[in-house]
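Here are some notes for a colleague who has not seen this structure before. They are best read with the model open.

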Amino acid sequence: MGHVLVVGSVNVDRIWRLTAPLRSGERLTREEVTLRPGGGGFNTGAALLALGHRVTLAATLSTDAAGAACRARLEAMGFDLRHLRTTDAPTVPLDILVDTNGERTIIAPATTEARRLTALPAIEADIAYVNVRRATPGVLEALAARTRVVAQLPLERTERRPAQVLIASAADHALFAGADAFAHAREIGGEGLAALVLTQGAGPVQLCEAQGRTGVAVPPLDAPADTTGAGDAFAAGFIDGWLADVPAQAAVQRGSAIAGRVLAGDAGFQRPAPLPLTTALIAAD
Ligand SMILES: OC[C@H]1O[C@H](O)[C@H](O)[C@@H]1O
């Protein structure tokens with residue numbers, strides 16, 4: 001099994017379960033509201049741990065009670081936390097509305113969306129996974145110079161993400177719908193980019209490489225109760241395949257299989273249990 005450096009967020013997700021599909025302008029009823037660990041770094045790292053990999057997490061947690069509860073959970077799960085940073089700023093949860101179709105709507109605080117990665121530990125790993133919105137120029141270039149990198153395609157068009165593979169949800173990146181998607185991705189990922197992987201929910205994953213675009217079917221699933229983090233689980237499965245040096249198409253199939261296991265709540269891949277927090281964590285920003 002491999003050693004993966006995961007560079008991404010650990011959040012407290014506040015999950016609101018709705019009793020009907022989300023529609024603008026309606027009066028909504030909710031069932032329970034729960035707080036659980038989340039964030040792209042946490043979700044991908046948890047699936048990688050379930051797959052038997054060693055996971056070192058480069059993330060930041062608050063020193064407050066919610067941050068301490070997250071840290072305790074991460075430790076119990078087996079994350080390597082030696083490079084976790086702390087901040088005295090309070091934890092501000094993300095609100096996630098999950099409707100009766102399992103569809104999720106994420107409402108992120110402005111402070112979360114503005115985070116920027118400014119430094120990374122110079123540790124050795126077999127591969128790094130990067131899922132951050134913004135990074136100080138040079139930090140990710142230095143990482144890519146010393147290890148293989150799989151990264152999420154950044155939402156900001158000005159960001160560069162040196163990587164072997166870029167992964168994204170097609171819905172977030174309409175720019176990559178055309179025939180020149182791979183050439184365009186190389187402007188962001190650099191000359192070392194081998195593949196751009198675009199997920200489309202239950203639709204076929206688009207694998208864009210120098211030789212062209214391939215649609216890779218996603219196995220059918222029963223209606224999932226909660227689609228939150230499906231893309232993060234896909235990334236874990238893809239990395240699992242990529243580490244084993246399987247062809248990109250087989251790594252995509254591995255990604256879809258692991259996303260399916262998380263969505264189905266298979267043993268070892270269940271959602272994290274609620275955090276033992278009595279506070280309602282009122283947004284403070
Ligand atoms: O990808 C899902 C994650 O995105 C948001 O960052 C939430 O924390 C959630 O867990």
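1. The ligand comes first. In this predicted model, the residues that surround the ligand are Asn11, Asp13, Gly38, Gly39, Asn43, Leu94, Ile96, Ile106, Gly229 and Asp232. By class, this shell holds 3 nonpolar, 5 polar and 2 charged residues. Two strands, S2 (11-18) and S7, each provide at least two residues of the shell.

2. Three side chains can be checked for short distances to ligand oxygen. For aspartate 13, an N or O atom of the side chain is 2.5 Å from an oxygen atom of the ligand. For aspartate 232, the corresponding distance from a side-chain N or O atom to an oxygen atom of the ligand is 2.6 Å. Asparagine 43 has a polar side-chain atom 3.1 Å from an oxygen atom of the ligand. On its own the ligand has 280 Å² of accessible area, and the protein covers 83% of that.

3. Aspartate 13 deserves a separate look. It belongs to strand S2, and is it buried or exposed? Aspartate 13 has a relative accessible area of 4%, and it counts as buried because the cut-off is under 20%. Measuring along the chain is another matter: aspartate 13 and serine 62 are separated by 49 residues in sequence, and their C-alpha atoms are 14 Å apart in space.

4. Asparagine 43, listed in the ligand shell, is also one of the buried residues of helix H1. The helix spans residues 40-50, and 10 of its 11 residues are buried, so H1 is largely enclosed by the rest of the structure. The buried residues are Gly40, Gly41, Phe42, Asn43, Thr44, Gly45, Ala46, Ala47, Leu48 and Leu49. Just after H1, glycine 52 has a positive phi of about 95°.

5. The next item is the hairpin of S7 and S8. Strand S7 (residues 94-98) runs antiparallel to strand S8 (residues 104-107), and 4 bridges join them. Which residue of S8 stands opposite isoleucine 96? The residue is isoleucine 106, and both isoleucines are among the residues surrounding the ligand. There are 5 residues between the strands of this hairpin, and glycine 102 takes a positive phi near 85°.

6. A second hairpin is formed by S15 and S16, with 2 residues between the strands. S15 (residues 203-209) and S16 (residues 212-216) are antiparallel and are joined by 5 bridges. Glutamine 206 is found in S15, and its bridge partner in S16 is glycine 215. The side chain of glutamine 206 also makes a polar contact of 3.4 Å with the side chain of arginine 213. Glutamine 206 has a relative accessibility of 15% and is therefore classed as buried, the limit being under 20%.

7. The last point concerns cysteines. How many disulfides does the structure hold? The number is 0. A disulfide is a covalent bond between the sulfur atoms of two cysteines. Cysteine 70 is buried, at a relative accessible area of 2%. Cysteine 208 is buried as well, at 3%.

Terms used:
Residues numbered from 1 in each chain as written. Predicted model: local features only at pLDDT ≥ 70, side-chain atom pairs only at ≥ 80, totals over all residues. Heavy atoms only, no water. Pairing = 2+ DSSP bridges. Near = heavy atom within 4 Å. Polar contact = N/O pair within 3.5 Å; in protein donor to acceptor, adjacent residues only side chain to side chain. Areas by Shrake-Rupley, 256 points an atom, 1.4 Å probe, with all protein chains shown as cover. Nonpolar A, V, L, I, M, F, W, Y, C, P; charged D, E, K, R; others polar. Disulfide = S-S within 2.5 Å. Buried < 20%, exposed > 50% of the residue type's maximum accessible area, 1.4 Å probe, protein only.
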